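This briefing goes through the ligand site, the sheets and the unusual backbone geometry of one model. Please read it with the structure open.

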Amino acid sequence: MVDLRSDTLTTPTPQMREAMASAVLGDDVFGEDPTTNLLQERVAELCGVEAALFVPSGSMGNLVSLRSMASPGDEVICHADAHIFNYEVASLAAVGGIQARPVPGHWGVLDPENIASAVRPAFDTFPRSTVLALENTHNLAGGTVYPIDDIRAARKVADEYGLKIHMDGARIFNASVASGVPVAEYCSLVDGLTFCFSKGLSCPVGSMVVGSKEFIKQAHRYRKMHGGGMRQTGVLTAACLVALDTMIDRLADDHANARRLAGGIKKISEHATMPVNVQTNMVLVKTEQLGYSTSEFVDAIGLEGVKCLAYQRGTVRMVTHKDVSTEDIDYTLDRINAITR
Ligand SMILES: *Cc1c(COP(=O)(O)O)cnc(C)c1O
């Protein structure tokens, strides 16, 4: 069985399990879990920021970050395909009283002019434009990296209009490994960033919010408000510490496997994959090019022992991760070749 549905399927390594079993623990609501405190310090240092906060999920990380930056009645400008707008049960609106202002983009990247024209005039009938949210890598666009020059351009517009920038960096380490841009450089251009330990980094649970001391103080309050204040979190953060040491550089293997997958599919059907150049660990496959609707393709390849997810616009998503080997990719290609009609 080859499971390409998501990198969230990764399970902890033996080294993580050992670290979890022997972790030194305390009550994190009292700020007394030494393992979690160590993780937060190490992450803050790695990201070149003042402070970091462990949260149960990326979705909670995004929510507490955006609530810390924006107030009810405010608007967050984001890509129309943003995770925060499409996959978080409208929590921004439902829980935060904050409205998303979706803007079209190109492979996950927003045009500075489109950002500027989405900013509301200062007049009391309008929502207040407060935050610009960027996603890196961009999930729905197929794991595309937000180019550093485009982030700089977005920063310039944000400064001009007094917007804060939140980066949904669920897969920021994939972006960093693919682009060679240090995570600290991404962090230096934004006011807050979230990333996940539970995806390619293979931890069972957990995400981080990073930024200034003042921002993290707010996020900490909102985390508690949303029920995310947890006790002996060292059991979880011990795995995250292992991930920092062992799981980042190897993401390059996942990216190579994704390129191998895309290259092989292109040989079967030249225009069947997106994005044109696979950048990180995702490949989107246009199933019509292989003779199937998305749901038919998911079923047909599933019968061959390969799992993938039906996605948007006639595509299925295939994600590489530590539990998918190069042999698994070759097996997958063999099976796609066999069922293509
Ligand atoms: C996975 C993901 C999140 C957070 O997901 P959780 O399942 O809540 O941890 C946020 N943004 C993006 C882009 C993601 O891919």
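How far does a backbone N or O atom of Gly58 lie from an oxygen atom of the ligand? The distance is 2.8 Å. The model is predicted, and the values below are computed from it. The points start at the ligand, move to the seven-stranded sheet and the four-stranded sheet, and end with the backbone.

**Ligand site**

- Gly58 offers a backbone atom to an oxygen atom of the ligand, whereas Asn139 uses a polar side-chain atom, placed 3.0 Å from an oxygen atom of the ligand.
- Asp168 has a polar side-chain atom 2.6 Å from a nitrogen atom of the ligand.
- On its own the ligand would expose 380 Å², and 84% of that is buried by the protein.
- The shell is made up of Ser57, Gly58, Ser59, Asn62, His83, Glu88, Glu135, Asn139, Asp168, Ala170, Arg171 and Lys199.
- By class, the shell holds six polar residues, five charged residues and one nonpolar residue.
- Helix α3, residues 58-69, supplies three residues of the shell, the largest share.

**Seven-stranded sheet**

- An open sheet of seven strands runs in the order β2-β8-β7-β6-β5-β3-β4, with mixed pairing.
- The edge positions belong to β2 (51-55) and β4 (99-103); each has a single partner strand, so one side of each has no neighbour in the sheet.
- On average, neighbouring strands of this sheet are turned by 25° against each other, with direction ignored.
- Strand β6, residues 164-168, runs parallel to β7 and is joined to β7 by three bridges.
- Asp168 has Thr194 as its bridge partner in β7; Asp168 is also one of the residues around the ligand.
- Helix α3 lies across β2, β3 (74-79), β5, β6, β7 and β8, and runs at about 180° to β6.

**Four-stranded sheet**

- The order in this open sheet of four strands is β9-β10-β13-β12, and the pairing is antiparallel.
- Its edge strands, β9 (273-274) and β12 (309-310), each pair on one side only.
- Five bridges link β10 (residues 282-286) and β13 (residues 315-319) in the antiparallel sense.
- Val285 stands opposite Val316, a residue of β13.
- Helix α12, residues 251-268, lies across β9, β10 and β13, at about 20° to β10.
- As background, strands of a sheet pair through backbone hydrogen bonds, in either a parallel or an antiparallel sense.

**Backbone geometry**

- In general, most peptide bonds are trans, and most residues other than glycine have a negative phi.
- Where are the cis peptide bonds listed here? One joins Asn136 and Thr137, with omega about 0°, and another joins Met274 and Pro275, with omega about -15°.
- Thr137 sits in the loop between β5 (128-135) and α7 (148-161).
- Pro275 sits in the loop between β9 and β10, two strands of the four-stranded sheet.
- Ser202, a residue other than glycine, has a positive phi near 70°.
- The loop that holds Ser202 lies between β7 (192-196) and β8 (207-211), and both of these strands belong to the seven-stranded sheet.

Key. Residues numbered from 1 in each chain as written. Predicted model: local features only at pLDDT ≥ 70, side-chain atom pairs only at ≥ 80, totals over all residues. Heavy atoms only, no water. Near = heavy atom within 4 Å. Polar contact = N/O pair within 3.5 Å; in protein donor to acceptor, adjacent residues only side chain to side chain. Areas by Shrake-Rupley, 256 points an atom, 1.4 Å probe, with all protein chains shown as cover. Nonpolar A, V, L, I, M, F, W, Y, C, P; charged D, E, K, R; others polar. Pairing = 2+ DSSP bridges. Contact = heavy atoms within 4.5 Å. Axes fitted to C-alpha atoms, helices over the stretch in contact; angles between N-to-C directions.
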